Amino acid sequence: MAENTGDRYAVARTALSRIPHGVAIIGAADGAERSCATGTAMYVSFVPPMVVIAEHPGSRTCRLIQRSGGFSVSFLHASQQDVAERAGKSAEGPDKFATLRIKPLEAPPDAGGAPAVAGSMAVLWCVVRDSRETGDHVLITGEVKAHEIDETKIDALLRFRRRYAHIGHVTSEESPEGYPT
Ligand SMILES: Cc1cc2nc3c(=O)[nH]c(=O)nc-3n(C[C@H](O)[C@H](O)[C@H](O)COP(=O)(O)O)c2cc1C
């Protein structure tokens, strides 16, 4: 463990930052108010398909998810680092997509209603199934109701060691059977 230097984020900076993550944009909307925030997601169930996100309760995106009961997860391609950098800060105006000039991808019917990011590698549209305070974040589990995959984009944008990175190279063939992911 790092010494207690009075920096309450010390363990997050040193240890949690060593967990490699795909960078995602979490989208949410309630009427005309729309937001998107840089974040990440992991899967927790295959049947039904479910993912979990951890949102800070002070973020607008978190409030919009709680009000609307839906969110989108747009996994970014390596070419979209600028989107991650811009969405990782709060923005003025009712529609953060419009303020940041991020082109939205509208949700299909019955998929929670959250806007996603056009041009992403993969998009999941979710409805909230569980929400619980966990430490300083809210852990939100969503059931995936719709998805859109761009099969031509495989070089994921990653976050690792407090830096952005690219996925590198593939070291096996696609598994023919067994674990589904
Ligand atoms: C690489 C990266 C990852 C982030 N991951 C998360 C996260 O998982 N949960 C979260 O609440 N905020 C995360 N943030 C911070 C939010 O993106 C940031 O607070 C954003 O300004 C929230 O915007 P909003 O208030 O419009 O929702 C991350 C930021 C960056 C740059």
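**Exercise 1. Work out how many bridges join strand β11 to β12, and which way the two strands run.**

Start with the pair itself: β11, residues 157–160, is joined to β12 by four bridges, and the two run antiparallel. Keep in mind that this is a predicted model. For one concrete rung of that ladder, go to Arg 159, whose bridge partner in β12 is Tyr 164.

Now widen the view. β11 and β12 belong to an open sheet of three strands, ordered β1-β11-β12, with antiparallel pairing. β1 (21–22) and β12 (163–166) each have a single partner strand and stand at the edges, so each has one side left without a neighbour in the sheet.

**Exercise 2. Follow strand β9 (residues 122–134) and find which strand it meets over six bridges.**

Step one: β6, residues 70–75, is the strand joined to β9 by six bridges, and the two run antiparallel. A handy rung to click on is Val 73, which has Leu 124 as its bridge partner in β9.

Step two: β9 also pairs with β10 (residues 137–149), again in the antiparallel sense, this time over 12 bridges. Here Glu 133 stands opposite Val 138 in β10.

Step three: look at the turn. The hairpin of β9 and β10 has two residues between the strands, and Gly 135 takes a positive phi near 60° there.

**Exercise 3. Describe the shell around the ligand: how many residues surround it, and which are the closest?**

Count first: 17 residues surround the ligand, and the closest are Gly 39, His 56, Ser 59, Thr 61 and Gly 88.

Next, ask where the shell comes from. β3 (33–39), β5 (50–55) and α2 (60–68) each supply at least two of its residues. Of the contributors, β3 gives the most, with four residues.

Last, sort by class. You should get nine polar, five charged and three nonpolar residues in the shell.

**Exercise 4. Judge the overall build of the protein chain: what is its radius of gyration, and how does that fit the globule rule?**

Begin with the inventory, which is four helices and 12 strands. The radius of gyration is 17 Å, close to the 16 Å that the globule rule gives for 181 residues, so the chain is as compact as a globular protein of that length.

For the dimensions, the C-alpha trace spans about 50 × 45 × 30 Å along its principal axes. Buried residues make up 29% of the 181 residues.

Finish with the contacts: among those with a separation of 6 or more, 63% are between residues 24 or more positions apart.

Note on methods: Residues numbered from 1 in each chain as written. Predicted model: local features only at pLDDT ≥ 70, side-chain atom pairs only at ≥ 80, totals over all residues. Near = placed C-beta within 6 Å. Nonpolar A, V, L, I, M, F, W, Y, C, P; charged D, E, K, R; others polar. Pairing = 2+ DSSP bridges. Rg over C-alpha atoms; globule rule 2.2 N^0.38 Å. Buried ≥ 20, exposed ≤ 12 C-beta atoms within 10 Å, placed from the backbone. Contact = placed C-beta atoms within 7 Å.
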